[in-house]
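Trainee: I should like to take a close look at the aromatic rings and at the helix that carries some of them. Could you guide me through that part and then show me how other parts compare with it in description?

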Amino acid sequence: MHSVKAETKKLLAELPSEVRLVAVSKYYPKEYIEEAYSVGQRVFGESNVQELRLKQSALPDDIEWHFIGHLQTNKVKYIAPFISLIHSVDSERLVAEIDRQAKRFGRVVDILLELHIAQEDTKTGLTLDECNALLESDIKNRYPNVRVRGIMMMASNVDDERQIEQEFHKASEYFDFVKSRFFSNDDYFTERSWGMSDDYELAIRQRSTMIRVGTKLFGTREA
Ligand SMILES: *Cc1c(COP(=O)(O)O)cnc(C)c1O
């Protein structure tokens with residue numbers, strides 16, 4: 001039988017100290033989160049605003065909530081008071097709204113810029129050119145209540161491990177470029193969010209600092 005406690009413990013023990021585990025609890029009931037919590041996991045990722053709000057209000061305050069899904073601008077206000085990190089930022093409009101809501105709540109909200117590197121055209125995210133343009137437009141200084149902590153991406157959903165690793169590698173090289181060009185004096189620009197249940201080992205080889213793992217910890221999702 002699948003044990004959330006055992007799987008979480010095992011993965012936490014095997015991770016290098018510089019890699020953080022984001023336990024992706026979307027669609028799982030809060031009891032699953034409590035099990036992972038009981039063995040020390042504190043960072044959880046959700047992709048639906050409504051579901052996140054319900055879980056956040058029902059679960060312990062020392063949980064660090066990350067938003068990992070597509071975020072609509074009109075929903076930012078609901079998570080702005082408590083969210084620790086928004087991984088999936090892919091437009092200036094969204095940056096502007098996060099800044100506006102963060103200011104209302106007297107916060108600076110951490111975000112990652114989501115890149116589109118995968119081959120599939122269904123995936124969201126900024127192309128490298130779009131991401132460059134956004135950074136060149138000086139979002140760093142124009143939106144003082146948003147702090148860009150790094151970048152996020154999803155690899156193509158394919159079996160070819162070489163392709164997946166190449167995509168992580170591309171993201172890793174791009175991170176270095178962005179760091180040196182825009183954030184060389186900013187100690188907070190450190191995060192590389194890539195790797196999921198099926199590819200987190202490849203992701204760690206390519207310098208991931210945050211893996212987002214769901215099914216491996218919690219079992220198969222019932223839709
Ligand atoms: C669902 C999801 C994950 C986790 O996927 P698993 O295959 O369950 O590990 C990671 N990242 C994002 C953006 C997701 O939507």
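Mentor: The following account begins with the aromatic pairs and then turns to helix packing and to several single residues. Please keep in mind that this is a predicted model.

Let us begin with the rings. A pair of aromatic rings is described by the distance of the centres and the angle of the planes. A search of the whole structure finds eight aromatic pairs. In one of them, the ring centres of tyrosine 174 and phenylalanine 177 are 5.8 Å apart and the planes stand at 35 degrees, so this pair is tilted. The label follows because planes under 30 degrees apart count as stacked and those over 60 as edge-to-face, with the rest called tilted. Both residues belong to helix 8, which covers residues 161–182, and they are three residues apart, about one turn of the helix. Their surroundings can be described by accessibility. Tyrosine 174 has a relative accessibility of 6% and therefore counts as buried. Phenylalanine 177, at 35%, counts as partly exposed.

A second pair is formed by phenylalanine 183 and phenylalanine 189, whose rings are stacked, with 4.2 Å from centre to centre and 5 degrees between the planes. Phenylalanine 183 and phenylalanine 189 are both buried. These two rings also belong to a cluster, in which ring pairs link Phe175, Phe183, Tyr188 and Phe189. One ring of the cluster has a charged partner: the charged end of arginine 192 sits over the ring of phenylalanine 175, 4.6 Å from the ring centre. Another arrangement of this kind involves tyrosine 37, over whose ring the charged end of arginine 42 sits, 3.5 Å from the centre.

Helix 8 can now be considered as a packing partner. Two packed helices are described by the angle between their axes and the distance between the axes. Helix 6, residues 128–136, packs with helix 8 at an angle of about 15 degrees, and the axes are 12 Å apart. Helix 6 and helix 8 are therefore roughly parallel to each other. The crossing of helix 6 past helix 8 is right-handed. On the side of helix 6, the contact is made by Leu128, Cys131, Asn132, Leu135 and Glu136; on the side of helix 8, it is made by Lys170, Tyr174, Phe177, Val178, Arg181 and Phe182. Both members of the tilted ring pair thus appear among the contact residues of helix 8.

Just beyond this packing, aspartate 138 is found in the loop between helix 6 and helix 7 (139–142). Aspartate 138 has a positive phi of about 65 degrees, although it is not a glycine. With 33% relative accessibility, aspartate 138 counts as partly exposed.

Another helix pair may be set beside the one above. The axes of helix 1 (residues 4–14) and helix 2 (residues 30–38) come within 8 Å and cross at roughly 45 degrees. That angle makes helix 1 oblique to helix 2. Helix 1 also passes helix 2 in a right-handed crossing. The contact is made by Val4, Lys5 and Thr8 of helix 1, together with Tyr32, Glu35, Ala36 and Ser38 of helix 2.

Helix 1 also contains glutamate 14. This residue has a relative accessible area of 40% and is therefore partly exposed. Apart from neighbours within four places in sequence, glutamate 14 is in contact with Tyr200 and Glu201. Glutamate 14 and phenylalanine 182 are 168 residues apart in sequence and 33 Å apart in space, C-alpha to C-alpha.

In the loop between strand 1 (20–24) and helix 2 lies tyrosine 27. Its phi is near 70 degrees, a positive value in a residue other than glycine. Tyrosine 27 counts as partly exposed, at 49% relative accessibility.

Finally, consider strand 3 and the loop before it. Aspartate 61 lies in the loop between helix 3 (49–58) and strand 3 (64–67). At 75% relative accessibility, aspartate 61 counts as exposed. Histidine 66, by contrast, is placed in strand 3 and counts as buried at 1% relative accessibility. Beyond its neighbours within four places in sequence, histidine 66 has contacts that include Val22, Val43, Phe44, Ile83, His87 and Met210.

Definitions and conventions:
Residues numbered from 1 in each chain as written. Predicted model: local features only at pLDDT ≥ 70, side-chain atom pairs only at ≥ 80, totals over all residues. Heavy atoms only, no water. Phe/Tyr/Trp six-rings, centres within 6.5 Å; stacked < 30°, edge-to-face > 60°. Helix = DSSP H or I, 4+ residues; strand = E, 2+ residues; numbered from the N terminus. Buried < 20%, exposed > 50% of the residue type's maximum accessible area, 1.4 Å probe, protein only. Lys NZ or Arg CZ within 6 Å of the ring centre and 35° of its normal. Axes fitted to C-alpha atoms, helices over the stretch in contact; angles between N-to-C directions. Parallel < 35°, antiparallel > 145°, perpendicular 65-115°, else oblique. Left-handed = near helix turned anticlockwise from the far one by under 90°. Contact = heavy atoms within 4.5 Å.
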